[in-house]
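Welcome! Here is a short guided tour of a protein chain that may be new to you. Please take a look at the picture and then read on.

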Amino acid sequence: MAWPYCYKWQQAAKGFLRRNPWCADHKARGVYVTATVVDHKVAHRGDMKLFWDKNNWQGLCGHCHDSHKQRLEKSGVQVGSDVNGFPLDPSHPWAKG
Ligand SMILES: [Zn+2]
């Protein structure tokens, strides 16, 4: 399994969210919502260089991440994970934003 749901990612994502606490999508609209998910702006498609490139990271709230994910699922690509590495399940309470 190439997907790095690993301790290193969880710690990196947590640290990123501490420094970037606001949902990037909401912030772009002038609304401050706590980000709970680290998303990849450019789908990494398993590319570890892209995956670990912090310039390619953005914090999203569950709601925004869900809409990103749904858009991406149409192309068969799934990106991002929540900070604890839970499965990307829209029924998860944290995914409600
Ligand atoms: Zn948002």
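Two strands are said to pair if DSSP finds at least two bridges between them. With that in mind, keep in view that this is a predicted model. Strands β1 and β2 pair in the antiparallel sense, and 4 bridges link them. One of the residue partnerships can be named: D39 has Q58 of β2 as its bridge partner.

**The overall layout**

How many helices and strands does the chain have? There are 4 helices and 3 strands. Walking along the sequence, you meet them in the order α-α-β-α-β-α-β. The chain has 97 residues, and 26% of them count as buried. If you consider the contacts with a separation of 6 or more, 61% of them join residues 24 or more positions apart.

**The nonpolar core**

Which residues make up the largest nonpolar core? This core has 11 residues: A13, L17, C23, V33, A35, V37, V38, W57, L60, C61 and C64. Three elements, α1 (7-19), β1 (37-40) and β2 (57-60), each supply at least two residues of the core.

Strand β2 deserves a second look, since both of its faces are covered. On one side W57 and G59 are buried, and on the other side Q58 and L60 are buried as well. Two of these residues, W57 and L60, also belong to the largest nonpolar core.

**Three residues to visit**

Now let us turn to three single residues. The table shows where each is found and how many other C-beta atoms surround it.

| Residue | Place | Other C-beta atoms within 10 Å | Class |
|---|---|---|---|
| A12 | helix α1 | 17 atoms | partly exposed |
| R45 | loop between β1 and α3 | 11 atoms | exposed |
| N55 | loop between α3 (48-52) and β2 | 8 atoms | exposed |

Why does N55 count as exposed? N55 is exposed because it has 8 other C-beta atoms within 10 Å, and a residue with 12 or fewer falls in that class. Along the chain, N55 and H40 are 15 residues apart, and their C-alpha atoms are separated by 9.0 Å.

R45 is exposed too, because 11 other C-beta atoms lie within 10 Å. Its backbone has a positive phi of about 45 degrees, although R45 is not a glycine.

A12, in helix α1, is partly exposed because its count of 17 other C-beta atoms within 10 Å lies between the cut-offs of 12 or fewer for exposed and 20 or more for buried. A12 and K54 are 42 residues apart along the chain, with 9.4 Å between their C-alpha atoms.

Terms used:
Residues are numbered from 1 along each chain as its sequence is written. This is a predicted model: local features need pLDDT of at least 70, side-chain atom pairs count only at pLDDT 80 or more; totals for chains, interfaces and linings use all residues. A nonpolar core is a set of buried Ala, Val, Leu, Ile, Met, Phe, Trp, Tyr and Cys residues joined through C-beta atoms within 7 Å. Two residues are in contact if their C-beta atoms, placed from the backbone, lie within 7 Å.
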